[in-house]
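This report is meant to be read beside the sequence and the coordinates. It moves from one helix to the strands and then to the aromatic side chains.

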Amino acid sequence: PKMPSNESGCYQISDAAELYGFASIVNGTDGFKRDTAACGKLVNNIVVNENVLDGSGNLNVADTANFAQWVPMMEFRGKFDGNSHTISGLYVNDEYSFSGLFGVILLHEEDSTVSIRNLGIVGSYFFSHSYVGAIAGFVGSGANVIIENCFSNSRIESDGDYAGGLVGMSVANILFKNVHNLGTVIAGSVAGGIAGYLYVGRIKVINAYNMGTVSMPSSSYRAGGLVGYVNSSEDASFENCFNMGSVTGELYIGGIVGDVGGTFLLMDEVYNAGTIVSEPGVVGRSFAGGLAGSVGAKTKIQNAYNTGTVSGGEFLSGIVGLSYADISLTNVYNVGTLLSNQSSSDHVKPIVFVDNSLYSSNCENVFYLNESYSSFECGTFVTSEQLEDGSIAYLLHNSFYDSIEATVWGQDVGNDPYP
């Protein structure tokens with residue numbers, strides 16, 4: 001490790017040796033005085049190891065003995081600015097937990113803020129039993145965390161729980177803004193392209209997308225294109241987000257989020273075009289939806305759609321697999337194919353399955369493309385011609401329900417098959 005220079009109170013990191021030096025400062029190792037509140041800034045792209053992943057994005061197992069191991073920074077409570085640079089070739093293969101550039105982000109003052117900005121983690125491999133993410137394995141309570149203008153194109157693996165493209169698990173107030181994942185995320189349970197599990201605090205995910213793969217084995221639960229599980233005691237929101245990657249697991253599988261608990265969820269201007277697969281396993285029941293596998297918080301979905309195939313599942317729907325809370329949908333459509341592995345289609349719905357004896361559903365300007373569901377209580381059956389000729393785009397664009405911003409809808413008729 002090499003001590004990076006310090007300018008205006010922030011360490012300037014120019015190469016791999018200085019990145020290890022900054023980590024030593026945060027961890028208090030290699031003779032460096034510990035400073036968990038240190039500020040770091042990249043001034044170059046950093047290459048730690050080359051060819052950690054092969055051309056298919058898998059670990060290059062033939063060369064692992066030659067890779068320099070990364071030691072994640074623990075209890076970080078400072079600021080890190082990638083300065084629009086990347087870190088490539090990080091390698092962590094640890095049977096324990098807390099794996100990422102930062103193993104743990106942890107604050108003790110509720111008014112303090114940790115920020116990770118302008119950073120890409122590419123060509124890297126992170127494996128541990130639980131809590132794995134390219135940026136951070138675990139974000140602890142007391143922190144207000146901002147992760148902005150960041151992305152991962154790496155391989156994230158956990159043989160236990162909580163793996164995410166950027167963050168494994170958070171129990172903090174957290175904002176993800178302008179973030180995306182292009183890599184692979186694998187976990188025993190609870191996995192997402194951006195984060196595995198977001199718990200307790202205020203949660204905002206804005207301008208986020210996943211184009212990578214999120215995969216879990218059978219007998220697993222909670223996989224989402226963006227987040228595996230959201231369970232917040234405060235409001236949670238996804239705004240201007242989409243998934244185009246495949247998401248596979250058994251129980252609670254969705255294009256944006258696998259499962260939702262807590263108090264309130266907003267999805268605004270979101271869509272899924274990825275393949276959602278709920279594979280049969282030993283759990284016995286499964287829930288899959290184009291946007292969410294299951295929601296147990298009061299939910300509002302607006303200006304949203306699904307075009308991806310949703311398959312498997314006992315409860316299978318184009319938008320939400322199962323809602324066990326009050327749900328409102330406005331300006332929503334589904335044209336994705338629904339492929340059930342059940343002999344009965346009673347629980348297969350084009351939009352959402354709701355137990356109406358306990359909870360309410362309010363559907364305004366909701367459409368679906370599947371004539372076999374023409375008597376379905378939420379939404380209106382439409383033809384492919386209506387979708388192609390701009391008729392549905394007109395209805396969506398000119399909606400005045402609940403004062404939502406409907407003018408975001410549009411269609412290049414003749415080129416776009418859907419709004």
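The paragraphs below describe a helix, a sheet, two buried residues and a set of aromatic rings.

The model is predicted, and every value given here is computed from it.

**The helix α1 and its surroundings**

Helix α1 covers residues 16-27, and its 12 residues, at 1.5 Å a residue, should span 16 Å, which agrees with the 16 Å that separates its end C-alpha atoms. The helix is mostly covered, since 11 of its 12 residues are buried. The buried residues include Glu18 and Asn27 as well as Leu19, Phe22, Ile25 and Val26. Among the elements that cover these buried residues are the strands β2 (10-13), β3 (39-42), β4 (46-47) and β5 (79-88). At the N-terminal end, α1 is capped by Asp15, which places a side-chain oxygen 3.3 Å from the backbone nitrogen of Ala17. After the helix comes Gly28, with a positive phi near 70 degrees.

Two of the covering strands, β2 and β3, are themselves paired, in the parallel sense and over three bridges. Within this pairing Ile13 stands opposite Leu42 of β3. Strand β3 has two faces, of which the covered one carries Gly40 and Leu42, while Cys39 and Lys41 lie on the uncovered one.

**The nine-stranded sheet**

An open sheet is built from nine strands with parallel pairing, and their order is β7-β10-β13-β17-β21-β24-β27-β31-β35. Its edges are formed by β7 (97-99) and β35 (348-349), and each of these has a single partner strand, so one side of each is left without a neighbour in the sheet. Inside this order, β10 (residues 130-133) pairs with β13 (residues 161-164) in the parallel sense over two bridges, and β13 is joined in parallel to β17 (residues 189-192) by three bridges. The table lists one pair of facing residues for each of three strand pairings.

| Residue | Facing residue | Strand of the facing residue |
|---|---|---|
| Ile13 | Leu42 | β3 |
| Val132 | Ala163 | β13 |
| Gly164 | Gly192 | β17 |

**Two buried residues**

Is Ala187, in the loop between β16 (184-186) and β17, buried or exposed? Ala187 counts as buried, because its relative accessibility is 1%, and the cut-off for that class is under 20%. Leaving aside neighbours within four places in sequence, the contacts of Ala187 are Ser158, Gly160, Ala163, Ser215, Met216 and Pro217. The C-alpha atom of Ala187 is separated by 24 Å from that of Ile206, which is 19 residues away along the chain.

Asn243 belongs to strand β22 (residues 227-243) and counts as buried at 0% relative accessibility. The side chain of Asn243 makes a polar contact of 2.8 Å with the side chain of Asn210. When neighbours within four places in sequence are left aside, Asn243 is in contact with residues including Asn210, Gly225, Leu226, Gly255, Ile256 and Tyr271.

**Aromatic rings**

The structure contains 24 aromatic pairs. One of them is formed by Tyr271 and Tyr305, whose rings are stacked, with 4.8 Å from centre to centre and 0 degrees between the planes. This pair links distant parts of the chain, as Tyr271 lies in strand β25 (residues 257-272) and Tyr305 in strand β29 (residues 298-306), 34 residues apart. Which exposure class does each of the two residues fall into? Tyr271 is partly exposed, with a relative accessible area of 22%, whereas Tyr305, at 18% relative accessibility, counts as buried. The two values fall on opposite sides of the cut-off, because buried means under 20% relative accessible area.

A further group of rings, made up of Phe98, Tyr131, Phe138, Tyr162, Tyr197, Tyr199 and Tyr229, forms one aromatic cluster. Over the ring of Tyr229, a member of that cluster, sits the charged end of Arg222, at 3.8 Å from the ring centre.

Methods
Residues are numbered from 1 along each chain as its sequence is written. This is a predicted model: local features need pLDDT of at least 70, side-chain atom pairs count only at pLDDT 80 or more; totals for chains, interfaces and linings use all residues. Side-chain values use heavy atoms; hydrogens and water are left out. Rings of Phe, Tyr and Trp (its six-membered ring) pair if their centres lie within 6.5 Å; planes under 30 degrees apart count as stacked, over 60 as edge-to-face and the rest as tilted. Helices (H or I, at least four residues) and strands (E, at least two) are DSSP runs, numbered from the N terminus. Buried means under 20% relative accessible area, exposed over 50%, partly exposed in between (1.4 Å probe, protein chains only). A charge sits over a ring if NZ of Lys or CZ of Arg is within 6 Å of the ring centre and within 35 degrees of the ring normal. The expected span of a helix is 1.5 Å times one less than its number of residues. Contact means heavy atoms within 4.5 Å. A polar contact is a pair of N or O atoms within 3.5 Å; within protein, one must be able to donate a hydrogen and the other to accept it, and residues adjacent in sequence count only if both atoms are side-chain atoms. Two strands pair if DSSP finds at least two bridges between them.
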